[in-house]
Amino acid sequence: VLRQSPIVWIFDINGVFGFALQIASELIAQVRRGFAVGDDFGVPHTTNRAMVGGARGGDDGDRAVRAERVTQGHDVHGTSGVGGDADEATAAALFNRCREAGINFFDCANVYNRGRSEEILGRLIAEAGCREEVIITSKVGFPMGPDVNTRGASRRHIMRQVEGSLRRLRTDWIDIYFLHGPDPKTPVEEILRAFDDLVRQGKTLYAGVSNWAAWQIARALGI
């Protein structure tokens, strides 16, 4: 099913979405046949950009999503401290400095300070008027409340949480939406269908997983 769908899986290695090009290139080279949903997925060793997406027609990929690389291994601004250790003023200063430096990739999650990080990031992007220029990620899966249904990777939780993230981020779409960790209580088929539907609905452009073991990724690719 997934090989006929628009979904492309991207992996958050060890929970740190930095896309170190050497590691990502080696991983992609090994499993790109599983990723190839009608198009190729690749990150050239020599490129000065981190790329996500499927593309044909050029070495860098004519239709790939690109994250500008400003220093080796540091092309993504994480936001786990925004709204926590970093107050709004500090977050704004960091955001502005990132944009001045050419960083266009901002990694977030619903659980970061219980949504506060998404709220601040969304406001900063809206005020700067740069939504079309930046790539936003978010994640789902970690507990968002005490109730049993406010965590995990059930279809119900994923669908409800993406709406909250979209609202807090003040956007119509999330560029890459990650499952924040494995959920042994939810069938992989249910998880994949939920993420596939989000891509088809245009609420997310790409899907990814964070903190998954290699065998879990391989199993998902084989469904």
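What is the handedness of the crossing of H4 and H5? The crossing is right-handed, and it makes a good way into this predicted model.

**Two helix pairs**

Two packed helices are described by the angle between their axes and the distance between the axes. Here are both pairs in that form:

| Helix pair | Angle between axes | Axis distance |
|---|---|---|
| H2 (residues 88-101) and H3 (residues 116-128) | about 50 degrees | 11 Å |
| H4 and H5 | roughly 30 degrees | within 9 Å |

Angles under 35 degrees count as roughly parallel, so H4 is roughly parallel to H5. On the H4 side, Arg155, Ile158, Met159 and Val162 take part, and they meet Glu190, Arg193, Ala194, Phe195, Asp197 and Leu198 of H5. Sorted by class, the contact of H4 with H5 holds six nonpolar and four charged residues, with no polar ones.

The angle between H2 and H3 puts that pair in another class: H2 and H3 are oblique to each other. Their crossing is right-handed. H2 brings Glu88, Ala91, Ala92 and Phe95 to the contact, while H3 brings Arg116, Ile120, Leu121, Arg123, Leu124, Ile125 and Ala128. Eight of the residues in this contact of H2 with H3 are nonpolar and three are charged, and none is polar.

**The nonpolar cores**

In soluble globular proteins, nonpolar side chains tend to be buried together. In this model, the largest nonpolar core has 40 residues. Leu121, Ile158, Tyr177, Leu179 and Phe195 have the most contacts inside that core. Some of these names should already be familiar: Leu121 belongs to the contact of H2 with H3, and Ile158 and Phe195 belong to the contact of H4 with H5.

Which elements each supply at least two residues of this core? They are H2, H3, strand E6 (135-140), H4, E7, helix H5 (188-201), strand E8 (204-210) and helix H6 (214-221). H5 gives the largest share, six residues.

Tyr177 is worth a look in your viewer. Setting aside neighbours within four places in sequence, Tyr177 is in contact with Ser138, Lys139, Val140, Ile158, Gln161, Val162, Phe195, Leu198, Thr204, Tyr206, Ala207 and Gly208. Apart from the largest core lies another, of five residues, including Phe105, Ile135, Ile176 and Phe178.

**Phe106 in strand E5**

Phe106 sits in strand E5. Is Phe106 buried or exposed? Phe106 has a relative accessible area of 0%, so it is buried. The C-alpha atom of Phe106 is separated by 5.1 Å from that of Ile136, although the two residues are 30 residues apart along the chain.

**Two positive phi values**

Most residues other than glycine have a negative phi, and most peptide bonds are trans. Two residues here, neither of them glycine, have a positive phi. One is Asn113, with phi near 50 degrees; the other is Arg170, with phi of about 55 degrees.

Where are these two residues found? Asn113 is in the loop between strand E5 (105-107) and H3, and Arg170 is in the loop between helix H4 (155-169) and strand E7 (174-179). As for accessibility, Asn113 has a relative accessible area of 32% and is therefore partly exposed. Arg170, at 51%, is exposed, because the class of exposed residues begins over 50%.

Conventions:
Residues are numbered from 1 along each chain as its sequence is written. This is a predicted model: local features need pLDDT of at least 70, side-chain atom pairs count only at pLDDT 80 or more; totals for chains, interfaces and linings use all residues. Side-chain values use heavy atoms; hydrogens and water are left out. Axes are lines fitted to C-alpha atoms, for helices over the stretch in contact, and angles run from 0 to 180 degrees between N-to-C directions. Helices (H or I, at least four residues) and strands (E, at least two) are DSSP runs, numbered from the N terminus. Angles under 35 degrees count as roughly parallel, over 145 as roughly antiparallel, 65 to 115 as roughly perpendicular and the rest as oblique. A crossing is left-handed if the near helix is turned anticlockwise from the far one by less than a right angle, and right-handed if clockwise. Contact means heavy atoms within 4.5 Å. Ala, Val, Leu, Ile, Met, Phe, Trp, Tyr, Cys and Pro count as nonpolar, Asp, Glu, Lys and Arg as charged, and the others, Gly among them, as polar. Buried means under 20% relative accessible area, exposed over 50%, partly exposed in between (1.4 Å probe, protein chains only). A nonpolar core is a set of buried Ala, Val, Leu, Ile, Met, Phe, Trp, Tyr and Cys residues joined through side-chain atoms within 4.5 Å.
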